[in-house]
Amino acid sequence: MRDALPKRGLKAGWAQLCSENIPCPRSYFPEKFRGEIWGHCLDHSIDGTPYFQDVEPTVNALNQAFSQSGSFQAQIHTLLQVLAGDMPVAVLRDQTHRPFMAGTIRSFPTHGYIPPHCDREQLGREESKPVVDLIDARSVLSYSLLIQRPSHKGRLLLHDLRWDDSGTNYLGESGRTDVTSIVSERRYFPIELDCGDLVLFASGRIFHSLEPIEGEIPRVNYCGFVAKTPQSDSVVYWT
C-alpha cells in the first residue's frame, strides 16, 4: 500500500521520538544485528522484561510523538481494518484480557540486518506460549510501515524457501533456524519501500530477511504480526 500514511507526519514523529523528550520503553536485538526497538517484542521478552506493563506507556509515547496526524495507534488499526476487509480487527489480548503490544518501531543503523528466518519458528519457543492458543498459526502474516528509508540497501527480502519445505529440519539448539547457506543459492524478491508505504506479507510461511543497511541514514519501520483467530471469525495483531 503506497503512501498509507503521510510522509511529513511520520518524519516529524520520528524526530520527536529521537529528541528524548518523549520517554518510551526500549529493547534491543542481539548485538550483532545492531537493531534498536521502541517497545518490546514478545520473542525477546525474557529475563523479566516487563512486556505487558510497558504496553500502555509505549502506545502513549507513540501517540504523542506522531500526534501531528492524530492517534498513531488508531491510524495503524484503520489500515489493518482496510486490509482485513469485512473481518473484525483487534489488538490481541491474553486469557486475562491484557492487550499485547500492537507493534514496535525498529531502527537499524549501517551494517544492521536481520538474517533469513520464518516467523512460524517463534511460535515454538517458550516466549511465544501466551500466543499459541489465541491464533491460527497457519495464518500468520507481518505488516510493516516504513518510517525512514535508509541511505542505501536495507530492503526486505522474500526468499524462495517456505516453512513447509523445511519445518524443523533447520532448527538449531537455540530453537532458531539457520538457512543462510540454503537461501544464498536461491532466488529472492526484494520489496522496495518508501516512507509511508505499508506492506503485508506471509512471514509465517516464507523465509525473509532484512538486507544489511549501508550509509549514514538508519532504516526505521513500525511493524507487527497479524493472524486469524482459531475460529477464523476475526483478525488480531500483536508483536
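What follows is a chat between two people about the cores, cavities, pocket, salt bridges and backbone of a predicted model.

Colleague: Let's start inside. Which residues have the most contacts inside the largest nonpolar core?

Modeller: As a rule, nonpolar side chains in soluble globular proteins tend to be buried together. Here the largest nonpolar core has 29 residues. The ones with the most contacts inside it are Leu-17, Phe-66, Phe-72, Ile-105, Leu-145 and Tyr-222.

Colleague: And which element supplies the largest share of this core?

Modeller: At least two residues each come from α1, α2, α3, β6 (141-148), β13 and β14. The largest share is four residues, and the element that supplies it is α3.

Colleague: Is there another core apart from that one, and how many residues does it have?

Modeller: Another core does lie apart from it. Tyr-51, Leu-92, Phe-100 and Met-101 are among its members. Its size is 15 residues.

Colleague: Back to Phe-72. Which residues does Phe-72 touch, leaving out those up to four places away in sequence?

Modeller: Phe-72 is one of the residues with the most contacts inside the largest nonpolar core. With residues up to four places away in sequence left out, Phe-72 touches Leu-5, Leu-10, Leu-62, Asn-63, Phe-66, Leu-145 and Tyr-222.

Colleague: Now the voids. What is the volume of the largest cavity?

Modeller: Two cavities of 30 Å³ or more turn up in the structure. The lining of the largest cavity is made by Leu-5, Pro-6, Gly-9, Leu-10, Phe-66, Ser-69, Phe-72 and Gln-75. Elements giving two or more residues to that lining are α1 (7-18) and α3 (72-84). As for the volume, the largest cavity has about 50 Å³.

Colleague: How do the residues lining the largest cavity divide into nonpolar, polar and charged?

Modeller: Phe-66 and Phe-72 are in that lining, and both are also among the residues with the most contacts in the largest nonpolar core. The split is five nonpolar, three polar and no charged.

Colleague: Which helix gives the most to the lining of the second largest cavity?

Modeller: That cavity holds about 30 Å³ of space. Its lining consists of Val-55, Val-59, Leu-62, Gln-73, Met-101, Ala-102, Gly-103 and Tyr-222, which divide into six nonpolar, two polar and no charged. The top contributor, with three residues, is helix α2 (residues 55-65).

Colleague: What about open space: which strand gives the most to the lining of the largest pocket?

Modeller: The largest pocket contains about 840 Å³ of space and is lined by 44 residues. Phe-29, Arg-106, Ile-114, His-117 and Gln-122 lie nearest its centre. Strands β4, β5, β6, β11 (206-210) and β13 each supply at least two lining residues. With five residues, the strand that gives the most is β13.

Colleague: How many charged residues are in the lining of the largest pocket?

Modeller: Of the lining residues of the largest pocket, 22 are nonpolar and 13 polar. The charged ones number nine.

Colleague: On to charges. How far apart are the closest N and O atoms of Glu-36 and Arg-26?

Modeller: The structure holds 12 salt bridges. This one links distant parts of the chain, with Glu-36 in strand β2 (residues 36-38) and Arg-26 in strand β1 (residues 26-28), 10 residues apart. Glu-36 is buried at 18% relative accessible area, while Arg-26 is partly exposed at 29%. The closest N and O atoms are 2.7 Å apart.

Colleague: Glu-121 and Arg-125: buried or exposed?

Modeller: Glu-121 and Arg-125 form a salt bridge, with their closest N and O atoms 2.4 Å apart. Both residues are buried.

Colleague: Which residues share a salt-bridge network with Arg-149?

Modeller: Arg-149 pairs with Glu-192, the closest N and O atoms being 3.6 Å apart. Arg-149 sits in the loop between β6 and β7 (152-153) and Glu-192 in the loop between β9 (188-191) and β10 (198-201), so the pair ties together parts 43 residues apart in sequence. Arg-149 is partly exposed at 42% relative accessibility, and Glu-192 is partly exposed at 39%. Through shared partners, Arg-149 is joined into one network with Arg-155, Glu-192 and Glu-211.

Colleague: Last one, the backbone. What is the phi of His-111?

Modeller: Most residues other than glycine have a negative phi. His-111 lies in the loop between β4 (104-108) and β5 (114-117). Although His-111 is not a glycine, its phi is positive, at about 75°.

Definitions and conventions: Residues numbered from 1 in each chain as written. Predicted model: local features only at pLDDT ≥ 70, side-chain atom pairs only at ≥ 80, totals over all residues. Heavy atoms only, no water. 1 Å grid on protein atoms, 1.4 Å probe; cavity = no way out; pocket = protein on both sides within 12 Å on 5 of 7 lines; lining within 4 Å. Points joined across faces, edges and corners; volume = space filled by probe spheres on them. Nonpolar A, V, L, I, M, F, W, Y, C, P; charged D, E, K, R; others polar. Core = buried A, V, L, I, M, F, W, Y, C linked by side-chain atoms within 4.5 Å. Buried < 20%, exposed > 50% of the residue type's maximum accessible area, 1.4 Å probe, protein only. Contact = heavy atoms within 4.5 Å. Salt bridge = Lys/Arg side-chain N within 4 Å of Asp/Glu carboxyl O.
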